[in-house]
Amino acid sequence: MINLELPKKLRASANQAHQVASEIFRPISRKYDLGEHDYPVELDTMAAMVEGLADSGTQKIGGAAGGRAAGSESDDHATELLGNTNGGNMSALLNALETSWGDVGLMLSIPYQGLGNAAIAAVATDEQLERFGKVWASMAITEPSFGSDSAAVTTTAVLDGDEWVLNGEKIFVTAGQRSTHIVVWASVDRSLGRAAIKSFVVPRDAPGLSVARLEHKLGIKASDTAVLLLQDCRIPKDNILGSPEVNVEKGFAGVMQTFDNTRPLVAAMAVGVARAALEELRAILTDAGVEISYDTPANNQHAAAAEFLRMEADYESAYLLSLRAAWMADNKKPNSLEASMSKAKAGRTGTDVSLKAVELAGAIGYSQRTLLEKWGRDSKILDIFEGTQQIQQLIVARRVLGKTSAELK
């Protein structure tokens with residue numbers, strides 16, 4: 001028998017995150033949607049709270065830090081002894097879901113909870129985990145010349161004595177201005193192709209690092225999205241994450257492990273937004289006298305009720321796929337297929353549910369009287385970043401058909 005109920009320890013953490021979303025995020029959500037690039041000063045309190053919880057060993061509220069990616073050597077023996085484990089990845093996923101139910105832009109702005117933290121957790125050595133355990137790390141992958149093709153990185157990293165020298169331009173860096181560190185993808189030898197792509201931890205005050213501009217965006221306006229320039233940017237030699245060796249046979253699987261951690265998290269964000277929209281829509285439909293029944297066939301109900309049931313089913317499937325991907329990561333099971341499946345399903349569901357809710361709510365949905373139209377705008381990025389819908393479907397097809405990236409493009 002499969003038990004889909006959450007363990008008690010995870011319920012407590014998720015409930016705490018939900019309270020933050022309800023009492024802190026929701027009341028200021030519209031304020032920072034209208035005041036793009038304004039720093040959410042209310043999150044300073046969050047920073048102190050997160051720091052206190054981290055020091056006490058309690059799971060983090062925002063959850064972007066995650067845990068070791070599948071295939072990591074650490075804690076394998078413990079997992080073997082304990083059986084099924086719900087660890088850092090599952091806790092991070094649930095916290096991301098709950099806080100995104102409040103406001104996904106504010107969730108992405110929680111200090112010390114950047115997506116770069118998940119990258120560090122995925123591939124860092126034990127020494128690096130100790131050193132970078134309390135930083136706020138954003139993640140810089142995308143460049144002007146490419147979007148989802150992560151292998152097309154042109155930013156370079158050249159070893160000069162005891163320092164790496166980085167040169168390049170990174171765009172769409174979430175929390176790129178506010179974070180204390182940036183995880184940068186760069187090539188140590190472009191002649192070796194994707195195998196030479198590594199990730200580097202760049203401190204905010206590193207010489208040669210600058211913010212060129214902040215983007216004006218469709219959604220998640222509370223989150224700053226920056227263009228970063230690396231001009232002869234120097235960082236310590238040991239700030240390269242994981243092994244500095246280039247393994248041509250392995251390719252860049254090491255840095256790609258990052259996505260096995262972060263894609264389920266982004267899926268959870270989309271699930272959180274979808275749930276928020278469904279709850280709001282149900283209240284509006286109920287007020288309008290539309291009854292939603294689970295005993296009557298959908299085709300015998302009001303058209304809006306039938307659509308609601310369809311969307312709720314999609315929401316449930318996206319939620320369960322996300323849980324599975326996180327559970328696999330916690331239990332050291334390769335989860336690249338499941339991570340992409342959850343991201344594809346949740347990303348599509350988030351946009352479908354939120355925009356359909358705007359439509360079914362009519363004038364109320366399109367106005368700013370509720371947050372429905374905002375969630376419709378916010379949801380789109382969750383189907384794009386960390387790999388677009390099309391890229392996720394391509395990855396799933398490769399895994400299912402047993403094709404390589406060269407065989408199936």
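Colleague: Let me start with a lysine: why does Lys356 count as buried?

Modeller: In this predicted model, Lys356 has a relative accessibility of 19%. The cut-off for buried is under 20%, so Lys356 falls on the buried side.

Colleague: Where is Lys356, and which residues is Lys356 in contact with, leaving aside its neighbours within four places in sequence?

Modeller: Lys356 sits in helix α10. With those sequence neighbours set aside, its contacts are Glu307, Arg310 and Met311. Two of these names, Glu307 and Arg310, come back in a network of salt bridges that also links Asp314, Lys345, Asp352, Lys356 and Glu359.

Colleague: How many salt bridges does a search of the whole structure find?

Modeller: The search returns 25 salt bridges.

Colleague: Pick one for me. What makes Asp160 and Arg234 a salt bridge?

Modeller: The closest N and O atoms of Asp160 and Arg234 are 2.8 Å apart. The criterion asks for a side-chain nitrogen of Lys or Arg within 4 Å of a carboxyl oxygen of Asp or Glu, so this pair qualifies. Along the chain the partners are distant: Asp160 belongs to strand β2 (residues 156–160) and Arg234 to strand β7 (residues 225–236), 74 residues apart.

Colleague: And why are Asp160 and Arg234 called partly exposed?

Modeller: Asp160 has a relative accessibility of 40%, and Arg234 has 32%. Partly exposed covers the range between under 20% (buried) and over 50% (exposed), so both residues take that label.

Colleague: How do you know that Arg234 also forms a salt bridge with Glu163?

Modeller: Their N to O distance is 2.9 Å, and the limit is 4 Å, so the pair passes. This link too joins distant parts of the chain, with Arg234 in strand β7 and Glu163 in strand β3 (residues 163–174), 71 residues apart. Glu163 is partly exposed, with a relative accessible area of 32%.

Colleague: Strand β3 has Phe172 in it. What is noted about the phi of Phe172?

Modeller: Its phi is near 55°, a positive value in a residue other than glycine.

Colleague: Let's turn to a pair within a helix. What makes Arg275 and Glu279 a salt bridge?

Modeller: Here the closest N and O atoms are 3.5 Å apart. That is within 4 Å, so Arg275 and Glu279 count as a salt bridge. Both lie in helix α8 (residues 253–287), 4 residues apart, which is about one turn of the helix. An α-helix has 3.6 residues a turn, so residues three or four places apart point the same way.

Colleague: Which of Arg275 and Glu279 is buried, and which is partly exposed?

Modeller: Arg275, with a relative accessible area of 15%, is buried. Glu279, at 39%, is partly exposed.

Colleague: Also in helix α8 is Ile284. Why is Ile284 given the label buried?

Modeller: Its relative accessibility is 14%, and buried means under 20%, so the label fits. Outside its neighbours within four places in sequence, Ile284 is in contact with Ala361, Ile364 and Leu372. The C-alpha atoms of Ile284 and Gly362 are separated by 9.8 Å, with their positions 78 residues apart along the chain.

Colleague: How do you describe helix α10 against helix α13?

Modeller: Two packed helices are described by the angle between their axes and the distance between the axes. For α10 (residues 336–360) and α13 (residues 389–401), the axes come within 9 Å and cross at roughly 145°. The crossing is left-handed. Among the residues that meet are Leu337, Met341 and Ala344 in α10, and Ile395, Val396 and Val400 in α13. By class, the contact of α10 with α13 has 6 nonpolar, 6 polar and 3 charged residues.

Colleague: Which residues of α13 are buried?

Modeller: They are Gln389, Gln392, Ile395, Val396 and Arg398.

Colleague: Which residue in the loop between α12 (372–381) and α13 should I look at?

Modeller: Try Glu386, in that loop. Glu386 has a positive phi of about 65° although it is not a glycine. Its relative accessible area is 11%; the limit for buried is under 20%, so Glu386 is buried. Just after α13, Gly402 takes a positive phi of about 70°.

Colleague: Last one: how do you know that the span of helix α4 agrees with what is expected?

Modeller: At 1.5 Å a residue, the 15 residues of α4 (residues 88–102) should span 21 Å, and the end C-alpha atoms are 21 Å apart, so the two agree. Helix α4 is mostly covered, with 14 of its 15 residues buried.

Notes. Residues numbered from 1 in each chain as written. Predicted model: local features only at pLDDT ≥ 70, side-chain atom pairs only at ≥ 80, totals over all residues. Heavy atoms only, no water. Helix = DSSP H or I, 4+ residues; strand = E, 2+ residues; numbered from the N terminus. Buried < 20%, exposed > 50% of the residue type's maximum accessible area, 1.4 Å probe, protein only. Axes fitted to C-alpha atoms, helices over the stretch in contact; angles between N-to-C directions. Left-handed = near helix turned anticlockwise from the far one by under 90°. Contact = heavy atoms within 4.5 Å. Nonpolar A, V, L, I, M, F, W, Y, C, P; charged D, E, K, R; others polar. Expected span 1.5 Å × (residues − 1).
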